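Trainee: I have the model open and want to go through it by question and answer. Where should we begin?

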Amino acid sequence: MKNMLTTISNALCRMTGRNVGAQTVSEGARVVVSRSFADFTSQASFDIKECELHRLEEGPPLKAELTREQGLQYYRVMQTVRRMELKADQLYKQKIIRGFCHLYDGQEACAVGIESGINPSDHLITAYRAHGYTYTRGIAVKEILAELTGRRGGVAKGKGGSMHMYAPNFYGGNGIVGAQVPLGAGIALACQYKGNNQVCVSLYGDGAANQGQLYEAFNMAALWKLPCIFICENNKYGMGTSVERASASTEYYKRGDYIPGIRVDGMDVLCVREATKFAADHCRAGKGPIIMELQTYRYHGHSMSDPGVSYRTRDEIQEVRSKSDPITMLKERMLTNNMASVEEFKEIDIAIRKEVEEAALYATSDPEPPLEELCNHIFSNDAPLEVRGTNPWVTLKSVS
């Protein structure tokens, strides 16, 4: 009987994702489990890498506080994004996902660190490597994968694909290189005009950092002191070209010249979080825009059509994985400081795998949108209008 009660108690712990000190299983029977919440460190302080500064007298702190709950949540979100992207890779190779597909694995600390440094009411706009931010902005995995497979249940009803996903206060992935940056400045202008104390995070890659429209946006943002955080996710390679071959200056945090900038370790979720908080406080104080360069790394090629090993070696990728992986780094920090157990992380991993597998099943079984919905949602609130179809004699109704 005692062994059976212990088995039931352990099963309950696995199901709920938590350990209990003394779990009442049946009347008059109490089973003591090996670890309780009280056994774990509830909060710890960590040294983080100092940021390089441009036109700033002081930068983000050199220490970051992390609670056990925060750490587990950061791990859960980063691991979900990782698993989701690996599933997208699999579905693409099976030719279930077609067209463009740019994966985010390796850069998870950027998305999670940024989100934990701003508010849900703040705004975010990014380029076409957008799946991670779509998830951190509140969209379910199954809606993201269904969008990738072009199904009706996708976040954009199957009509946006990999590049074009949206959520509340998230203005999507944008396919034109660098074009989202002036749009982000416009969103920041709206925040300033409304006086709502909100900021806009406008993300772009190192390849887009050489686009002229960035500097036009920088100029206007600086002139009008817009509450905009311009963030360059420097993942070392713009398509198939290293930053050293593409940019005369790789100090992207200084590219704003007259705009303050900080260079951040983009593989450390705590470093990104503290830098984002610092940048958001700068903007909310009315000091105008700020530029952040997140030094990160993508494990996949530029897109699924790029194997990613013709311009860099497999050894280079493996070295980053072994020394700087953002998920492993957080996990080891927590284990070293007794903030969680190995079993707890395993339970989280199992739950995430199950969620992603169920999402993939949905994304491959949900129906594609019918032809009559092809032209819907061209406008947000106008009356239905006729749109010419694939030939002049076919018309489709557009319904908002």
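Trainee: Which elements give two or more residues to the lining of the largest cavity?
Mentor: This is a predicted model, so keep that in mind throughout. The lining of the largest cavity includes Asp206, Gly207, Asn210, Gly238, Tyr252 and a run of residues from Thr241 to Val243. Ala246 and Ser247 also line the largest cavity. The elements that give two or more residues are strand S11 (241–242) and helix H8 (243–246).

Trainee: What is the volume of the largest cavity?
Mentor: The count stands at 1 cavity of 30 Å³ or more. By class, its lining has 3 nonpolar, 6 polar and 1 charged residues. The volume of the largest cavity is about 30 Å³.

Trainee: Which element gives the largest share of the lining of the largest pocket?
Mentor: The largest pocket holds about 340 Å³ of space. Its lining counts 24 residues, and Tyr128, Gly205, Asp206, Gly207 and His302 lie nearest the centre. Two elements give two or more residues to that lining, S8 and strand S10 (237–238). The largest share, 3 residues, comes from S8.

Trainee: How many charged residues are in the lining of the largest pocket?
Mentor: Split the lining of the largest pocket by class. Nonpolar residues number 10 and polar residues 11. The charged residues number 3.

Trainee: Is S8 largely enclosed by the rest of the structure, or largely open?
Mentor: Count the buried residues; the cut-off is under 20% relative accessible area. In S8, 5 of the 6 residues are buried. S8 is therefore largely enclosed by the rest of the structure.

Trainee: What is the bridge partner of Tyr204 in S9?
Mentor: Look at the strands that pair with S8. Strand S6 (residues 123–126) pairs with S8 in the parallel sense over 3 bridges, and there Leu124 stands opposite Val201. S8 and S9 also pair in the parallel sense, over 6 bridges. In S9, the partner of Tyr204 is Cys232.

Trainee: Which residue in S15 stands opposite Leu385?
Mentor: Strand S14 (residues 385–388) and S15 run antiparallel. They are joined by 4 bridges. Opposite Leu385 stands Ser398.

Trainee: Which residues of S15 point to the buried face?
Mentor: In a regular strand the side chains alternate between the two faces of the sheet. Strand S15 (residues 395–398) shows that alternation. Thr395 and Lys397 point to one face and are not buried. The buried ones, on the other face, are Leu396 and Ser398.

Trainee: What is the phi of Asn197?
Mentor: Most residues other than glycine have a negative phi. Asn197 lies in the loop between helix H6 (180–194) and strand S8 (200–205). Asn197 is not a glycine, yet its phi is positive, at about 60 degrees.

Trainee: Is Lys225 buried, partly exposed or exposed?
Mentor: Lys225 sits in the loop between helix H7 (212–224) and strand S9 (228–234). Its phi is positive too, near 50 degrees, in a residue other than glycine. Partly exposed runs between the 20% and 50% cut-offs. At 47% relative accessibility, Lys225 is partly exposed.

Trainee: Which side chain makes a polar contact with the side chain of Ser162?
Mentor: Ser162 is in the loop between helix H5 (141–148) and strand S7 (170–173). With a relative accessible area of 6%, Ser162 is buried. Its side chain makes a polar contact of 2.8 Å with that of His131.

Trainee: Which side chain is joined to His300 by a polar contact?
Mentor: Place His300 in the loop between strand S13 (290–295) and helix H10 (314–324). A relative accessible area of 18% makes His300 buried. A polar contact of 2.9 Å joins the side chain of His300 to that of Asp105.

Trainee: What separates the C-alpha atoms of Ala64 and Tyr133?
Mentor: Ala64 belongs to strand S5 (residues 63–67). At 0% relative accessibility, Ala64 counts as buried. Ala64 and Tyr133 are 69 residues apart along the chain, and their C-alpha atoms are separated by 23 Å.

Trainee: How far apart do the end C-alpha atoms of residues 78–371 lie?
Mentor: UniProt, in an unreviewed entry, places the feature "domain: Dehydrogenase E1 component" at residues 78–371. The span is 46% helix and 12% strand. Its end C-alpha atoms lie 36 Å apart.

Technical notes
Residues numbered from 1 in each chain as written. Predicted model: local features only at pLDDT ≥ 70, side-chain atom pairs only at ≥ 80, totals over all residues. Heavy atoms only, no water. UniProt positions renumbered as here; feature names shortened; annotations may be inferred. Buried < 20%, exposed > 50% of the residue type's maximum accessible area, 1.4 Å probe, protein only. Pairing = 2+ DSSP bridges. 1 Å grid on protein atoms, 1.4 Å probe; cavity = no way out; pocket = protein on both sides within 12 Å on 5 of 7 lines; lining within 4 Å. Points joined across faces, edges and corners; volume = space filled by probe spheres on them. Nonpolar A, V, L, I, M, F, W, Y, C, P; charged D, E, K, R; others polar. Polar contact = N/O pair within 3.5 Å; in protein donor to acceptor, adjacent residues only side chain to side chain.
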